[in-house]
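Me: I'm new to this structure. Could you walk me through how to read its features, one at a time?
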Amino acid sequence: MPEAPTADNRSRRAKADALLEQIEREEAGQLKVFLGAAPGVGKTFAMLSAARELMRQGIDVVVGLVETHGRAETEALLDGLELLPRRAATGDRAHDEFDIDAALARKPQLILVDELAHRNVSGSRHERRYQDIEELLGAGIDVYTTVNIQHLESLNDVVQQISGVRVRETVPDAFFDRASDVVLIDLPPRELIARLRQGKVYLPELAASALERFFTASNLTALRELAVQAVADRVDADLREYQAAQGSGPVPVRRRVVAAIDGSENSEYLVRITRRIAERRHAPWTVVYVDAGRAGNDADHRTRLDTALRLARRLGGTTETLRGVDVVDELLGYAGRNGVATIVIGRTRERPLARLFNRTLTQQLLMRGAHFELTIVATPMARARSRRALLQTPKAPLRDYGFALVVSLVALVLAHLADRVLSVSNLSQLFTVAVLVVAVRSRMSVAVFSAIVCFLGYNFFFAPPRYTLVIANGSDALTVVLFLATALICSRLATRLSLQVQMLREANAHAGILGRLGRELAAAADAGQVTAIGAKTLAQAFDAEVTVLTPGPDAGLLATAAAAPPSMTLSTTDRAAADWAMNHDQPAGRYTDTLNAATCWLLPLIDDGARLGVVAIRFEAEETVLSSQRRDLIQAITHDIAQALARTRLADALESARLQGETERLRAALLSSVSHDLRSPLAVMLGSAESLQRYGARLEETERNELLDGIVSEGQRLDRYIQNLLDMTRLGHGTLKLARDWVAVDEIVGSCVLRLRKIFPEVRVEHGAPVDELPLLYVHPALIEQALFNIMENAAKFSPPGVPVRVSAEQVGQEIRIDVIDAGPGIPAEERSRIFDMFYSVERGDRGKHGTGLGLSICQGMIGAHGGSVEALPGEGGVGTVIRITLPLSGVPMPAAATEDEV
Amino acid sequence: MTGAGPASILIVDDERQIRRFLEISLQAQGYETLSAASGAEALTLAATRRVALVVLDLGLPDMDGQEVLRRLREWTAMPVLVLSARAHEAEKVRALDAGANDYLVKPFGVEELGARIRVLLRASASPTVPVVFDDGRLRVDLARREVHLDGATIALPRKEFEILALLVRNQGMVITQRQILVELWGAEHVEDTHYLRVAIGRLRRRLGDEASAPRWIHTEPGVGYRLISP
């Protein structure tokens, strides 16, 4: 037998709910937030201290990411804690990020992640750090984190009012509410300012100018109050929850708070206020929008409304869109059905006439919703308006009334002039025209006003009995009615006209979007840019989430090419719909008849019959209908994207054909080089060895030695060649990693000289005197040595006997210059720039006397990898060649003071 | 243990041809040789036969050469000469830091191998660490902390003397950068190779030695330094 819920029943259910909530929270990781009023109060310090204490107790603690900002006392606390390596983001070290994958793999009991409000660099798994933390908690890892009060979403407005600084990195209150513990790190403002003066506070998010405004005693006091309040609220809530779970204490009757928003500029503000009211009362809250069909197609209005509703959901409230003609009826009906205690409305613009007849929303709610608590919030807009109203008389309406008066007077004068010619009844036509003019140009109230003025003028001056306001016959009464009718009809027409203007403007905006898109697409160089621009444009223009899918490399399966926002993911249904749209050249998913359970609308990208991909657009869940205008515009945009994609595809095909050709050429050149450089030493070795094997006994001692020497030296040549080949493949495949180390120039030159002496014992090497005063190079020693060796080997090969190869090194500015000078035949000017070119050296490998082999082209790659350059210059007096290596010096290390003190 | 007879050189390489030519050339120089084609075999031989020195290839079929080295070093200080391919610079440094006494890069000359083996055997034969280096021009006396060049006493700053002393104690053998840095500056300075470069540069200048034509201190590119008496 169903029984009405008794108080007892309700309390039992509340208790069960509370317990369930507690259990759910305990299964996931626990979140502890160290909350401060401002930067510099010592949150990180407190967090680290707490973590050390836990570590001492044997808890497995890992520091995921902590910003010490160079504070020595904080850094000292890190000592002994396990630090998770940061994930290197592209670019400088300042952007190294928290490595969530490493954290999940490490899976400690507790992880410390500083700065909850941080925004990750683009390309990270999550956009925001709190999302990273959410994932950690989900994996059952406890998390300690820090945040300042100004980053709390619901306090965003208040903080701005207090400090004048709009904080962009906000954290949803819903996330903050998840924290099982919040620790307030409190520091009196005076001490904080003192710390600031001592330079102990690091302020990344505030510009220097904002800093002074921000760090005043009054600001800090206010922020401190906010922080204390936030923690106090939480403590209160925790207590209630605990009591509810234990079954002791009063079971809170949580009556709902409802805010009604209308999509005006105040909506967001209203949502935040409501959240705070509800929070203080520990009440659930809802934001309601009543769609009375009046808003029409106003895009701004729709955007504001969506933003406000989204904000409400982020702040932990629910949202509801009601449809009905009468706002008050709907609102009160909803409130009655849902156990609402309080209705929050903003003080909105009120029409004087409506106020006169008690027709404003506020008044009607007051009259009919007597059993609800009604909170009317003075919104910033309303406050600003009332202030304006006090300072100056409203201009626009007055001007309109003046205009109406002038037009009526003109009509009066004209009527007076025409009085002799026209009959009285015809004179009224003049006034009709006047009313018409006013109605078209102005609003309805003004039109009615002019109708009244015209009627009074007509009646007083022209209608018999003249100069009285007496209405003598029925036709005069009719005139009044006609004037009023004209005013009403015309102003209605005028309104529609302005609506049309509005629509025209919208069409203009659309044309603007298409134009901009066209320009950006035209500039896009590859498919990646096209999809990125397309996704971005669609996402911005329609306030939606957009993913562009293109056929991937494997079997044409669709893969994400671009997404805006990058975090957007597609469900299985979305993917299925995307495949369908791709294969049937028709839209699918939401707003269509195919797979409309999908959350996205999926449009195929087709150009000239070629299937190029699919665009997935996800609108807000509330947006159940898609206006035809939007539909058309989106289709126009996707068409443009498809065309641009087709264009880049063609360009890609051409480019890859060119690359293919180049690779072929290189392959052929390499093969011919291999056949020469590998085979000639092998031929010598095989031939010599075989001669020894077969005829060794018959040969002279000197002949045997000659053959043996040949085997050894050709073997060494082969070794060098293979080393070069290996180096080249390393360079060519981009797998080369520079293992930089500090090294002295003379050591590199030295080991090259020693190596060279083994191959060309007869070649002398001279080097310029003061090489040992040069600063150290920070390079990959083996690579630079190989490059220099190849150049010196080449020089030795071409040097006439008896003439030394000279090597000199000097510092020129922030560079080291190493010259290798030979007195060989020299290089023709037109070939100088080409000798380091791989094609040049490889292609002429088989023709040259010894062939430069791959040696010089490898130099180019190795030196280039260090940011240096190699060039060939004519020798002094036109004899021989100078090969010049230039290497940049990177921050000369301090000559170690540690080497100084005498024995 | 086989007891009497001269100790052998254990050659560990999985390539038969290399083992063979090493055996031939070493026997020609008067050494007894043992050969192993795998890490396990090498460890067994090293433990059961009288082995004076191990020539160890780092690329072995059954276990990493580094692992063989580690297991050898668990119980013996016998000299180990590591063979490595050119492409693996880091490998040889690792092996040296892990206790190998010297290295050779493949391909190598037989003559050079012989010279290295002689140095290692000499060092392991004399139980005491050399305290004096004297080649007629340069004389370093570690006990008295004195350095004489061409008869004249030269004063070296402490660090430079310590580097020289370290090289003298291991004369003929390669000392890695890491070993020098850890010994002289401490483990926390193991990355600060520029300390070492500057100190070596100054030491060479004081000794009148040149990197491009070294008389005493030879650079082993990417690995370390070696003191050789000319």
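Reply: Sure. Keep in mind that this is a predicted model. A good place to begin is with contacts along the chain: of those in chain A between residues at least 6 apart in sequence, 69% join residues at least 24 apart.

Me: How many helices and strands are there in chain A?
Reply: Chain A has 29 helices and 23 strands. As for burial, 34% of its 903 residues are buried.

Me: Now the peptide bonds. Which bond leading into A:Pro565 is cis?
Reply: That's the one from A:Ala564 to A:Pro565, where omega is near -5°. To find A:Pro565, look in the loop between strand S13 (558-564) and helix H22 (572-584) of chain A.

Me: And what about B:Pro107 in chain B, where does that one sit?
Reply: Look between strand S5 (102-106) and helix H5 (110-125) of chain B: B:Pro107 is in that loop. The bond from B:Lys106 to B:Pro107 is cis, again with omega near -5°.

Me: Next, backbone angles. What is the phi of A:Glu115?
Reply: It's positive, about 55°, although A:Glu115 is not a glycine. This residue belongs to the loop between strand S4 (110-113) and helix H5 (129-138) of chain A.

Me: Is A:Glu115 buried or exposed?
Reply: The cut-off for buried is 20 or more other C-beta atoms within 10 Å. A:Glu115 has 23 such neighbours, so it counts as buried.

Me: And A:Asp585, buried or exposed?
Reply: Exposed, because A:Asp585 has 11 C-beta neighbours inside 10 Å, and the cut-off for exposed is 12 or fewer. A:Asp585 also has a positive phi of about 55° without being a glycine, and you'll find it in the loop between H22 and strand S14 (588-589) of chain A.

Terms used: Residues are numbered from 1 along each chain as its sequence is written. Chains are lettered from A and ligands numbered from 1 in the order in which they are written. This is a predicted model: local features need pLDDT of at least 70, side-chain atom pairs count only at pLDDT 80 or more; totals for chains, interfaces and linings use all residues. Helices (H or I, at least four residues) and strands (E, at least two) are DSSP runs, numbered from the N terminus. Two residues are in contact if their C-beta atoms, placed from the backbone, lie within 7 Å.
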